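Please open the model in your viewer and keep the selection box handy. We will go from one stop to the next, and at each one you will hear what to pick and what to look for.

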There are 2 protein chains.
Amino acid sequence: MIRTGFQNIQESYLFSEIGARVRAFQAAHPEREIVRMGIGDVTRPLPKAVTAAMEKASREMGDAATFRGYGDEQGYAFLREAVAGYYADKGVRVDPDEIFISDGAKSDLGNVLDLFSDDCTVLIPNPTYPVYVDTNVMAGRKILFYEGSGENGFTPLPDESVHADIIYICSPNNPTGAVYTREALERWVAYANREGAVILFDAAYEAFVRDPALPSSILGIPGARTCAIEVCSLSKTAGFTGTRCGYTVVPQELTRDGCSLRRLWLRRQTTKFNGVSYIVQRGAEAVFTPEGLRESRENIAYYLENAAIFGAALKKAGFSFVGGENSPYLWTKCPEGYKSWEFFDWLLSERGIVGTPGAGFGTAGEGWFRFTAFADRKSILRAAELLGK
Amino acid sequence: MIRTGFQNIQESYLFSEIGARVRAFQAAHPEREIVRMGIGDVTRPLPKAVTAAMEKASREMGDAATFRGYGDEQGYAFLREAVAGYYADKGVRVDPDEIFISDGAKSDLGNVLDLFSDDCTVLIPNPTYPVYVDTNVMAGRKILFYEGSGENGFTPLPDESVHADIIYICSPNNPTGAVYTREALERWVAYANREGAVILFDAAYEAFVRDPALPSSILGIPGARTCAIEVCSLSKTAGFTGTRCGYTVVPQELTRDGCSLRRLWLRRQTTKFNGVSYIVQRGAEAVFTPEGLRESRENIAYYLENAAIFGAALKKAGFSFVGGENSPYLWTKCPEGYKSWEFFDWLLSERGIVGTPGAGFGTAGEGWFRFTAFADRKSILRAAELLGK
């Protein structure tokens, strides 16, 4: 009666284990200072343009003349058009009808799997955002990994001898902060089109791409419209982790087994979803106004400056790392002879800094360590100082 | 590659067909007045307590001192406790840890199926809210129906000779407006416990139950905690159709195949969901304050008064119907010899009233017709007048 995949799924202990170790350390050393760089959650408040739009929308909902009931499951046209405009500004053509507004990337990444049969083979990066693995374990799918490493800069290319039906790509990557080049994405797109695979492209960190040579969307890559679904979120772009809004783009040209995936996703969403709050959609719309974009970009610049400060401290202390330039994550090589949990314990007890052990993101993360730049400047400066002790 | 159920699913044409017929009529008779009683969407604005709470929460999100990032996927404790208090006021014991806040009943009713294997047999009322059928067609499950009729007042009881794994019950019912008695729900609970089935109890219209003898939750029925999941929404309770918030209760005692369903649902939600907007949760919390409850109940009373007015007009015109007393729906028997779409056309052309043909909700809806009381008073009075012509 219970789906086998759900009977098999393991609990995720990564962040609870981190919490437990930090609490134990604090109990033993109540006088010690601790700086937290472990969780990938934003700390800067929402842009004023966004909160003003949500206040206004809240008032509208209290007035019979402006009240709104059910909206389109796919999202209001005003927001889909704003997202299409955001893509156009990047030079990427996306039709508003290909855009689906949702409560966030995590929901869409899980729910889009509804469309695919359970006997699909799934190709997932290692290390990885654990949700890619867990959602497919729940469905009982066969999972293959493609391996990141220091040698390939954690931007591995496809192994042409392997067949997959569904391919996850996250760029800028969580947890490694690595960003694929245009040429590398062209390789992935060619591979996916040849295999008939669908790429689920997680663009949650797209707003951190500052290097104009690096792609912040797969949809600008020739051929992507016949093989890629792009999932994005305002969580990191505009501080929406607690406000909840994202969007998924399913190109018109994407078909499999004679079915339009855009039509299937529309059918899924109209049947199992009722759209995002009008108030939140008005807030999201404000993100894409000149004022909202300016404020959002200031916040991103703040986090990137954090990353630069801590990155400089890491280098000075002799560490090597990936990311931190077009990403909020600094994926750091543990000192020789340290496994990631050993380094976690050392860093906590000797430096008072909390990060995330790379092994928590997959076997290829062993010996690596994730620091996040989502913190206030004072904490980052203090962490840089503590690291240099 | 594409899930077979998704290849098989038909488009839903009910409301688009209604729209097309209304537009065609208007084009042919631009001078004719039309009163709409077809869509089950609220029309009254949100309670002031709710909009004030959302305005305040929006401002909090713009201030670093009160900003909130990721919340618990299950929902904030303040809201889960408020919902538990709402149940306590009905005399039903529910622990806040059993409550999961979501963006609405439609999402939860679809997503909860993730937990169950695709070879489960599903038992669905006929007529029915189409989402119960479509979500299971997508998964390829075997579907059985239990038949409502004028004879059983559209509150059919279980056929003890039939086995099912998953049972849908909606009370007060959409589309029929019929409400199960306590004794009838006891029969369903006994049947589910004996068969090892799980009841998905859709309580979206619970706030319309005004008769204290009628149950507005299955969780107050002895034995329900070992067989029932209750899915509810603020859409109809407090006008949240466009604001999006609901909750699902999974009792601690509910286990199948040795698994706690509460734990599995928690695992599903932490993996494929990231919680509801903080702003919306503050609005939802305000629904359960004395002021919010008072305003919400005034709105419900308004819709029930609409139903009473139109119900009186139906009776006067010689129609018989179910519902309309503890429900916003009046499920009306079509005149002798009329099928539901024929009655739709007659009512539109001869009276200028739009409703929903019962056949759109399943074969057992043929010969019946749904009117909704979600409208402003002026429209309802006008519809009552037009009907009596």
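One term before we start: a residue counts as buried when its relative accessible area is under 20%, as exposed when that area is over 50%, and as partly exposed in between. Please also keep in mind that this is a predicted model.

**Stop 1: a strand covered on both sides**

Select residues 99-102 of chain B, which make up strand 2. Which residues lie on each face of strand 2 of chain B? Ile99(B) and Ile101(B) point to one side, and Phe100(B) and Ser102(B) to the other. All four are buried, so both faces of the strand are covered.

Now add residues 246-249 of chain B, which form strand 8. Strand 2 and strand 8 of chain B run antiparallel and are joined by 4 bridges. To see one pairing up close, show Ile99(B) and look across to Val249(B), which stands opposite in strand 8 of chain B.

**Stop 2: a glutamate in a loop**

Stay in chain B and pick Glu206(B), in the loop that links strand 6 (198-202) to strand 7 (228-233). Is Glu206(B) buried or exposed? Its relative accessible area is 3%, so Glu206(B) is buried.

Next, display what surrounds this side chain. Apart from neighbours within four places in sequence, Glu206(B) is in contact with Tyr86(B), Lys90(B), Pro172(B), Ser216(B), Cys232(B), Thr237(B) and Tyr247(B).

**Stop 3: an aspartate in another loop**

Move to Asp72(B), which sits in the loop between helix 3 (48-61) and helix 4 (77-89) of chain B. With a relative accessibility of 48%, Asp72(B) counts as partly exposed. Setting aside neighbours within four places in sequence, its contacts are Arg80(B) and Gly275(B).

You can draw a distance from here to Tyr247(B), a residue you met among the contacts of Glu206(B). Asp72(B) and Tyr247(B) are 175 residues apart in sequence, and their C-alpha atoms are 14 Å apart in space.

**Stop 4: the four-stranded sheet of chain B**

Colour strands 11, 12, 15 and 14 of chain B. These 4 strands, in the order 11-12-15-14, form an open sheet with antiparallel pairing. Strand 11 (321-323) and strand 14 (356-357) of chain B are the edge strands, each pairing on one side only. In general, strands of a sheet pair through backbone hydrogen bonds.

Inside this sheet, zoom in on strand 12 (residues 329-333) and strand 15 (residues 368-372) of chain B, an antiparallel pair with 5 bridges. What is the bridge partner of Lys333(B) in strand 15 of chain B? Select Trp368(B) and you have found the partner.

Then show helix 11 of chain B, residues 290-316. This helix lies across strands 11, 12 and 15 of chain B, and runs at about 10° to strand 12.

**Stop 5: the sheet in chain A**

Switch to chain A, which has 13 helices and 15 strands. Here, too, 4 strands form an open antiparallel sheet in the order 11-12-15-14. Strand 11 (321-323) and strand 14 (356-357) of chain A stand at the edges with a single partner strand each, so one side of each has no neighbour in the sheet.

Strand 14 of chain A pairs with strand 15 (residues 368-372) of chain A in the antiparallel sense, over 2 bridges. Show Thr356(A) and its bridge partner in strand 15, Arg370(A).

**Stop 6: an arginine in a helix**

Select Arg194(A), in helix 7 (residues 182-195) of chain A. Arg194(A) counts as exposed, at 52% relative accessibility. His163(A) is 31 residues away from Arg194(A) in sequence and 9.8 Å away in space, C-alpha to C-alpha.

**Stop 7: zooming out**

View chain A as a whole. Its C-alpha trace spans about 60 × 55 × 50 Å along the principal axes. The radius of gyration of chain A is 21 Å, which agrees with the value near 21 Å for a compact globule of 389 residues. Buried residues account for 63% of the chain.

Finally, bring both chains into view. A turn of 180° with a shift of 0.0 Å along the axis lays chain A on chain B with an RMSD of 0.0 Å. The two copies are thus related as by a two-fold rotation axis. Within chain A, the residue that comes closest to this axis is Glu55(A), with its C-alpha at 2.3 Å. Of the interface residues of chain A, 99% are also interface residues in chain B, so the copies meet through the same surface.

How values were computed. Residues are numbered from 1 along each chain as its sequence is written. Chains are lettered from A and ligands numbered from 1 in the order in which they are written. This is a predicted model: local features need pLDDT of at least 70, side-chain atom pairs count only at pLDDT 80 or more; totals for chains, interfaces and linings use all residues. Side-chain values use heavy atoms; hydrogens and water are left out. Copies are superposed by least squares on the C-alpha atoms of residues with pLDDT of at least 70 in both. Contact means heavy atoms within 4.5 Å. Two strands pair if DSSP finds at least two bridges between them. Axes are lines fitted to C-alpha atoms, for helices over the stretch in contact, and angles run from 0 to 180 degrees between N-to-C directions. The radius of gyration is taken over C-alpha atoms; the globule rule is 2.2 Å times the number of residues to the power 0.38. Buried means under 20% relative accessible area, exposed over 50%, partly exposed in between (1.4 Å probe, protein chains only).
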